[in-house]
Amino acid sequence: MLTSKEIRESFKEFFKEKGHLIVPSAPMVVKDDPTLRFTNAGMNQFKDIILGNRPAKSKRVADSQKCLRVSGKHNDLEEVGHDTYHHTMFEMLGNWSFGDYFKEEAITWAWEYLTKVVKIDPERLYATVFEGCKAENLERDNEAAAIWERYLPTDRIINGNLKDNFWEMGDTGPCGPSSEIHVDLRSNEERAAIPGRDLVNGSHPQVIEIWNLVFMQYNRMADGHLEELPAKVIDTGMGFERLCMALQGKTSNYDTDIFQPIIKSISEISGKNYGEDAQTDIAMRVIADHIRTISFSITDGQLPSNAKAGYVIRRILRRAVRYGYTFLGQKQAFMYKLVPTLIENMGDAYPELGQQRELVTKVIKEEEESFLRTLETGINLLNKVIATAKAEGKKEISGVEAFTLYDTFGFPIDLTQLILRENDLDVNMQQFDEEMLKQKTRARNAAAVENSDWTNIAEGESRFVGYDLAECDTTILRYRQTKQKNQTLYQIVLSETPFYAESGGQVGDTGVLICGDEKIEVIDTKKENNLPIHITKKLPSNPEAIFHAQVNIAKRKACAANHSCTHLLDQALREVLGTHVEQKGSLVTPEGIRFDFSHFQKLSNEEIVKVEKAVNARIRANIPLTEYRDIPIAEAQQLGAIALFGEKYGDRVRVIQFDKSIEFCGGIHANATGEIGMVKIISESSVAAGVRRIEAITGEALEENIIKMQDMMAEIKALFNNVPNLKATIVKAINENNELKKQVEEYSREKAVATKDKLLGEVKERKGIRVISAILPLPAATVKDIVFMLRSEMPDNLFCVIGSIQNDKPQLTISASGDLVEAGINAGKLVGQAAKEMQGGGGGQPHFATAGGKNIDGLKNAMNKVFELVEI
């Protein structure tokens, strides 16, 4: 039986022999494509080639690509673990042709690999072809069908509809018919009883698609019509996990050697055996799948967070923790213990996993512990909701309350339902679903982007000249209109551009396009599928004219200086803290620097000063920039250039050097370090487990900061009559203030005791209940102390209603002794109703509650309302 490692290598070797260039997997986390957060298909790293934005280095390519599907069109998350073949993270084996071979070779080689190389029984294979679509004016893919007829009987060649057998990149862009290969893994008896063709695309767990051959021959335009692509593309993708299942004689992906080592580790940790209980099995499958996704995402530079891609990873991690908590009894962090098993299993194919072992382990452990605390908080909140529901005789809780637990505290709805069932309660799921729909609608509306088709002015590729120039003459190649949040903008592609497109943490250039008297402001420059996009609020009156492109040079220089400073910071951090420091992200703007790096404890003040001094020394040395532009990656590695994890590098790269600081980098930099001026670290904080963040300012921003600090210091000195020793004077003032506070507190205590004694002498009896009622000119905290002193001295049969006024605002305090609470008096409910008399609100517990209001004149009415409600 072939191992998964052997299967992966056999695929690459087969296509290498067919003249394909074998390329490494791109990072699973996408950084320079605004349309994607994660690589969700093997073709993602080739989008710019397919779209014609850059030429292919090889017309034939093959690889094994790590992918993630959890949201949008390919949302598999909720199915993961419950069936045998869906995953969040998976590997896609693929081969591509960019304008070279087409259907003939794609189908022939797929058949050869499956039946001759890995020896799948041909009798178990089925193929689908596109049946055509009258509405799209598309005929059946008879060409593909004819090729398949050489290998399969016609009854095993199945027509598929537009949904299953016509692949599209998105709402617009390259698309075309596809041909899926399905395998029937059922027993011979089952196959004899029901033909496999009847189960193809029928969600049967043993009759599954393993390979999809996409024949891109059309381009979908914004108005929906199709145009022929000038250069046809083959894009195939085979599910690696499914292929291993088929070749290893299993009926579940999770029974293969890809997942079994992880599942065995989960079993050892939890003390539960896989295969004995359906719910336990689901939990183990969920965790085995999700640990891969989380670990690879962190390795590729995406940490769990509360925003965008980071939120997706946090959501996946919490789903796994919740399954372990609920079904495996894991009340402590445990998933981080699975990382060594994962590295042992996949580290050879993806060495970056082992290189990031410590970071991955620490991040996962901290995230687990954080969510377990959240779960505890959520359970406590839910218990209060349950207690209220039972006290009010309800059989279900509000879906709005359940959604608040889910949305605000991250408490899963199915865990809410489980706990409610244990308490003979239910949740109003209609209300919950309505709240969820509202949230999704808000998010969808906020993110919705409407793009028109590109209007082509001229043919050609966009060329970036910004490393050497800040302005140049240029023409428009194409443009389109885009709408988002009721704002209309325009995206322009130039033949030559000095504008740096946002990437590598550095924000995009701004500036103008000039033609005669007309100036078009470029408000930002982004990169989409490796194409520089210039964003404007309006189009030129004549898009076919020649323009002078001019970058905002002041902003450019500030950005360049700050970017160079991040390189010096990186070097200084490694010198001061150790070579374990690795960059984990950055943001470079004209205003300042944000730099994230791996380190496992807070920096001391002494370490921060050492880093600042090291950087500033290099700034004063005015080290000149040494640029290695477009050199082979092997040469860059020989120079000792530092590469970032999670970045995709080509065969040729750019390297930036300032003396001993040598890094792979495509950004804009200062000509010499002296242009930075000076650096000051203004904050140091934690981003995630094992990741710290430094924020710093340089140059003019630092100069302005120093001026503000000097002005503030002068103002503070003036407050203390410009004394020569300001520090000693401030310390003296603080000490004197603390002494006065103690005196005030002592006086307040004496005043409270005296007031308590006075109130004890004014106790009145109403209907057998001892009552204390008064309006006191004291702060709320003092009133509370008095009430609890009264309760201590008179613990039974005492009802207090105290009004107070502070800062022209009325306050109402109600207290009931324990026996009165047992008799039915509830201070929390009383105070809420009475507070309306003074235009306020409040609450509390049955024995003690407070409320504030706006109307002083209503305070007496509120107190009377209390007695009216208790009828005394």
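**Exercise 1. Which residues line the largest cavity?**

Solution. The model is predicted.

Step 1. Find the candidates. A search of the whole structure turns up one cavity of 30 Å³ or more.

Step 2. Take its volume. The largest cavity has about 40 Å³.

Step 3. List the lining. The residues are Ser4, Lys5, Arg8, Ile258, Asn345 and Met346.

**Exercise 2. Assign the lining of the largest cavity to elements and classes.**

Solution.

Step 1. Look for elements that give two or more residues to the lining. These are α1 (4–17) and α11 (339–346).

Step 2. Rank them. α1 gives the most, with three residues.

Step 3. Sort by class. The lining has two nonpolar, two polar and two charged residues.

**Exercise 3. How many disulfides does the structure hold?**

Solution.

Step 1. Recall the bond. A disulfide joins the sulfur atoms of two cysteines covalently.

Step 2. Set the cut-off. The two sulfur atoms must lie within 2.5 Å.

Step 3. Test cysteine 244. The nearest cysteine sulfur belongs to cysteine 67 and is 15 Å away. Cysteine 244 is in no disulfide.

Step 4. Test cysteine 559. Here the nearest cysteine sulfur is that of cysteine 665, 12 Å away. Cysteine 559 is in no disulfide either.

Step 5. Give the total. The structure holds zero disulfides.

**Exercise 4. Is cysteine 244 buried or exposed? Classify cysteine 559 as well.**

Solution.

Step 1. Set the cut-off. Buried means under 20% relative accessible area.

Step 2. Apply it to cysteine 244. Its relative accessibility is 0%, so cysteine 244 counts as buried.

Step 3. Apply it to cysteine 559. The relative accessible area is 1%, so cysteine 559 is buried.

Key
Residues numbered from 1 in each chain as written. Predicted model: local features only at pLDDT ≥ 70, side-chain atom pairs only at ≥ 80, totals over all residues. Heavy atoms only, no water. 1 Å grid on protein atoms, 1.4 Å probe; cavity = no way out; pocket = protein on both sides within 12 Å on 5 of 7 lines; lining within 4 Å. Points joined across faces, edges and corners; volume = space filled by probe spheres on them. Helix = DSSP H or I, 4+ residues; strand = E, 2+ residues; numbered from the N terminus. Nonpolar A, V, L, I, M, F, W, Y, C, P; charged D, E, K, R; others polar. Buried < 20%, exposed > 50% of the residue type's maximum accessible area, 1.4 Å probe, protein only.
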